[in-house]
Amino acid sequence: MDFDDTPDEAAWRAEVRAFLERHPPVPEQPRAWQATLYDAGFVGVTWPVEAGGRGGTPMQQAIVDQETARRGLPPLINLIGIGMCGPTVIVHGSERQRQRYLKRLLRADDLWCQLFSEPSAGSDLAALRTRAVRDGDGWRVSGQKVWTTLAHLADFGILLTRTDPDVPKHRGLTMFVVDMKAPGVTVRPLRQMNGDSHFNEVFFDDVRIPDDERLGDVGDGWRVALTTLMSERLSLGGGGTSIGPKPEAVARHVAAHIGALPEDRQVLARQELGRGYVAALGARYTGYRQLSKLSRGELPGPEASAGKLSGTRSARDLTDLAVRVLGPDAATGGAEWQDMQALLPGMAIAGGSDQVLRNIIGERVLGLPAEPRADKGVTFRESIG
Amino acid sequence: MNFDLDQEHLDLAGGARDFLSGSASPAAARAALDEGAGVRPGRAELIKSGYATITIPESHGGGGGTVLQLAVVAEQAGRVLAGPSLVNFARAAVLLEGFPDRLAGLADGSLAVAVIDDASPVLDAIGSDTFLTLRDGTLVCGPGEVMARRPIDATRGLGDVTLGETTDLVRDARPLWRKAERVGRTILAAEGLGAAARLLEMGVEYAKERHTFGRPIGSYQAVKHMLVDVYVAVEQLRSLVWWAAWAADRAPGELPLASAAAKAAAATTLELAAETVIQVHGGIGYTWEHDAHLYWRRAKTDRFLLGDDVAAFDEVARLAMGEAAR
Ligand SMILES: Cc1cc2nc3c(=O)[nH]c(=O)nc-3n(C[C@H](O)[C@H](O)[C@H](O)COP(=O)(O)OP(=O)(O)OC[C@H]3O[C@@H](n4cnc5c(N)ncnc54)[C@H](O)[C@@H]3O)c2cc1C
């Protein structure tokens with residue numbers, strides 16, 4: 001056991017630091033910033049060299065993440081592409097697709113989105129209805145996606161469709177790369193509860209997709225989607241500790257305001273800070289354990305979901321405290337913490353809701369029996385009756 | 001960075017598990033409550049095994065090992081509610097650093113040492129003959145008269161101690177005392193980790209076996225999700241215990257925060273695990289014959305040792321704010 005950097009890790013950290021010092025990001029140009037970082041070798045660190053990556057280790061990527069977070073830099077614009085879409089293309093794409101898409105994705109020359117959820121398919125993703133039908137040497141796609149983060153800016157997306165409604169629902173799915181600028185694709189921004197518009201509705205009206213933009217075999221879309229979801233876990237590595245505010249920042253904020261509170265409130269605030277802080281440290285150090293496992297070449301298992309689950313909880317508790325130490329003024333002021341407070345409910349839903357994550361951990365880690373399901377042994381068509 | 005146990009630690013844990021599960025058990029903890037039977041494996045056996053004295057230097061008859069090694073063993077001790085606790089051994093090894101004869105006595109069992117805190121009942125007072133405490137900033141040592149308390153958890157040997165004539169050992173001993181306390185908190189948390197991990201196993205096992213309404217109860221989300229919350233808490237506690245133990249050995253600057261966090265998390269996690277697992281068992285979980293309450297007793301007792309969880313959370317908050325203000 002050893003928390004210190006190895007000599008290699010230390011050298012890498014120094015390299016990253018030196019670069020970040022010389023190249024302050026330009027917040028208004030997130031794509032240019034990602035390209036600059038990529039050209040220096042700091043994006044897609046763990047991706048294979050053939051895929052435009054650096055063939056580095058998860059620890060090297062973690063060090064880049066730590067150093068950028070330390071400087072308070074925002075996450076990369078193409079995070080969904082890097083964390084989810086790209087890895088899916090690496091595993092299931094053709095040589096042509098890999099050549100065409102991956103490097104441009106890493107440089108943010110193209111932005112990507114993930115077109116999975118639908119109005120009637122979120123947690124129950126395999127219930128999706130967007131249809132893809134053969135049409136000569138290609139496909140015609142019609143249907144609707146929803147909650148699609150970044151679709152309003154994206155150039156491409158990975159799109160999960162139903163190609164066969166007459167088999168059980170997990171089996172009749174097929175994945176494609178879709179050109180978001182293709183005729184028939186309509187993107188309508190949705191307004192989130194925090195007032196931002198980062199996610200969208202996406203309508204497909206008889207959109208043509210060439211067959212060579214298929215990812216994986218026809219009918220094998222569920223397996224392809226599992227690659228995406230597994231990569232999502234990997235990219236949430238660090239045990240969910242990238243969710244919400246850094247506990248140190250909350251402690252700083254509480255320290256600055258606690259003196260103005262009545263004595264009994266100070267005692268209470270310290271209890272809550274203590275509890276939130278311990279939970280955040282627990283998540284952080286559990287993340288380090290997972291990172292160490294990844295570095296030894298082990299695959300991320302379902303236990304990685306625990307980090308997102310608990311990281312979201314402690315982020316919400318700590319943010320709640322940060323708002324409350326502002327006193328009644330927080331009803332109208334304290335924008336930074338209010339914004340955070342309005343962002344976090346989405347984290348308990350996106351990428352697997354808290355309840356779904358508990359099911360996953362209960363069944364795959366603890367080995368508890370699954371619930372009986374009403375959709376078992378029937379075709380998709382029968383299941384929607 | 002490599003944050004995981006090494007093979008050497010895993011081997012140590014395996015050996016400790018064999019020894020402890022052969023010499024201690026929840027049944028023994030029940031007998032201690034029922035009949036006032038002595039704790040198992042008992043001081044003599046623990047010393048003979050070498051596990052209790054891991055952190056005493058080899059030159060004084062100990063194992064010359066690390067706090068992390070002792071923590072690995074302590075987890076196994078917690079699984080089977082072993083007694084006496086390894087906490088006093090860990091603390092005394094730090095406090096008696098400059099006293100070779102006493103250290104040797106601790107290592108060979110001729111001295112049975114317990115540490116007295118102001119605010120907490122004295123752990124393993126019963127069976128101890130030599131007591132260490134901090135009096136006006138001075139570390140003192142002496143014999144004492146023990147009055148047993150009515151135990152919630154009879155494996156903890158709690159009692160009140162009236163000190164006899166004491167010897168001053170170290171003046172201005174506060175920093176040393178704090179360090180020992182933090183090492184002690186780390187080992188206490190490791191014992192709590194073992195107990196909580198064992199409880200989780202019991203709960204999961206039962207949830208797979210027990211059927212109601214034609215289904216295993218573990219398939220009901222109300223049951224499943226409770227157990228998942230325990231699992232998450234146990235794994236986070238494991239991370240905090242390892243971190244604190246590593247800090248005790250290698251990064252003294254991180255020990256205050258790490259040990260307070262581990263102590264606090266151990267108290268809340270063990271309590272959550274015990275209450276959850278009783279609930280998961282239904283009526284049988286509420287019986288004297290079932291093991292769950294023996295772990296529950298451990299939870300209800302340990303939370304008050306070495307300062308309670310409220311104090312530990314407060315300390316975490318103060319440290320976090322202090323560090324932030326720096
Ligand atoms: C901010 C944000 C960004 C997102 N970005 C994307 C994106 O880029 N691409 C994309 O494809 N999707 C995206 N999503 C969608 C997200 O994946 C879904 O919202 C999520 O999977 C939940 O699905 P749902 O909204 O249909 O809710 P439902 O599945 O209808 O769930 C409703 C409630 O029921 C509970 N529930 C459902 N099933 C179970 C069960 N089996 N057991 C217990 N409880 C259950 C859920 O926990 C939830 O509380 C995003 C969502 C958010 C909030």
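**Exercise 1. Find which strand of chain A holds N200(A), and decide whether N200(A) is buried or exposed.**

Step 1. In this predicted model, N200(A) sits in strand 7 of chain A, residues 199-210.

Step 2. Now the accessibility: N200(A) comes out at 0% relative accessibility, so it counts as buried.

Step 3. Look at what surrounds it. Skipping neighbours within four places in sequence, N200(A) is in contact with residues including W147(A), T148(A), H152(A), V187(A) and P189(A).

Step 4. One of those deserves a closer look: a polar atom of the N200(A) side chain lies 2.9 Å from the backbone oxygen of T148(A).

**Exercise 2. Do the same for V49(A): work out whether it is buried or exposed, and list what it touches.**

Step 1. V49(A) belongs to the loop between helix 2 (30-39) and helix 3 (58-70) of chain A.

Step 2. Its relative accessibility is 55%; exposed means over 50%, so V49(A) counts as exposed.

Step 3. Leave out residues up to four places away in sequence, and V49(A) touches R54(A) and G55(A).

Step 4. For a sense of distance, take R223(A): it is 174 residues from V49(A) in sequence, and the two C-alpha atoms are 25 Å apart.

**Exercise 3. Trace the salt-bridge network that contains R13(A), then compare it with a pair inside one helix of chain B.**

Step 1. Start with R13(A), which forms a salt bridge with D5(A) at 2.7 Å between the closest N and O atoms. R13(A) is buried at 15% relative accessibility, while D5(A) is partly exposed at 29%.

Step 2. Next, pair E67(A) with R17(A): their closest N and O atoms are 2.8 Å apart. E67(A) lies in helix 3 and R17(A) in helix 1 (residues 7-22), so this pair ties together parts of chain A that are 50 residues apart in sequence. E67(A) is buried, with a relative accessible area of 2%, and R17(A) is partly exposed, with 36%.

Step 3. Go to chain B, where E201(B) and R198(B) form a salt bridge, also with 2.8 Å between the closest N and O atoms. These two are 3 residues apart in helix 7 (residues 174-209) of chain B, which means about one helical turn separates them. Both are partly exposed, E201(B) with 32% and R198(B) with 22%.

Step 4. Back in chain A, join up the bridges that share partners: D5(A), R13(A), R17(A), E67(A) and R70(A) form one network. Over all chains the count comes to 57 salt bridges.

**Exercise 4. Describe the interface of chain A and chain B: how much area is buried, and which helix of chain A gives the largest share of residues?**

Step 1. The two chains bury about 4,400 Å² between them, and 65% of that is on carbon and sulfur atoms. Chain A puts in 51 residues and chain B 47.

Step 2. Count the pairings across the interface: there are 7 salt bridges and 21 residue pairs in polar contact. D4(A) and R250(B) make a salt bridge, 3.9 Å from N to O.

Step 3. On the chain A side, helices 7, 8, 9 and 11 each supply at least two residues. Helix 8 gives the largest share, 18 residues.

Step 4. Sort the chain A side by type and you get 25 nonpolar, 11 polar and 15 charged residues.

**Exercise 5. Check the radius of gyration of chain B against that of a compact globule.**

Step 1. For 326 residues a compact globule would have a radius of gyration near 20 Å; chain B has 19 Å, so the two agree.

Step 2. Add the burial figure: 61% of the residues in chain B are buried.

Note on methods
Residues are numbered from 1 along each chain as its sequence is written. Chains are lettered from A and ligands numbered from 1 in the order in which they are written. This is a predicted model: local features need pLDDT of at least 70, side-chain atom pairs count only at pLDDT 80 or more; totals for chains, interfaces and linings use all residues. Side-chain values use heavy atoms; hydrogens and water are left out. Contact means heavy atoms within 4.5 Å. Buried area is the accessible area (1.4 Å probe) that two parts lose on being put together, summed over both. A salt bridge is a side-chain nitrogen of Lys or Arg within 4 Å of a carboxyl oxygen of Asp or Glu. A polar contact is a pair of N or O atoms within 3.5 Å; within protein, one must be able to donate a hydrogen and the other to accept it, and residues adjacent in sequence count only if both atoms are side-chain atoms. Helices (H or I, at least four residues) and strands (E, at least two) are DSSP runs, numbered from the N terminus. Ala, Val, Leu, Ile, Met, Phe, Trp, Tyr, Cys and Pro count as nonpolar, Asp, Glu, Lys and Arg as charged, and the others, Gly among them, as polar. The radius of gyration is taken over C-alpha atoms; the globule rule is 2.2 Å times the number of residues to the power 0.38. Buried means under 20% relative accessible area, exposed over 50%, partly exposed in between (1.4 Å probe, protein chains only).
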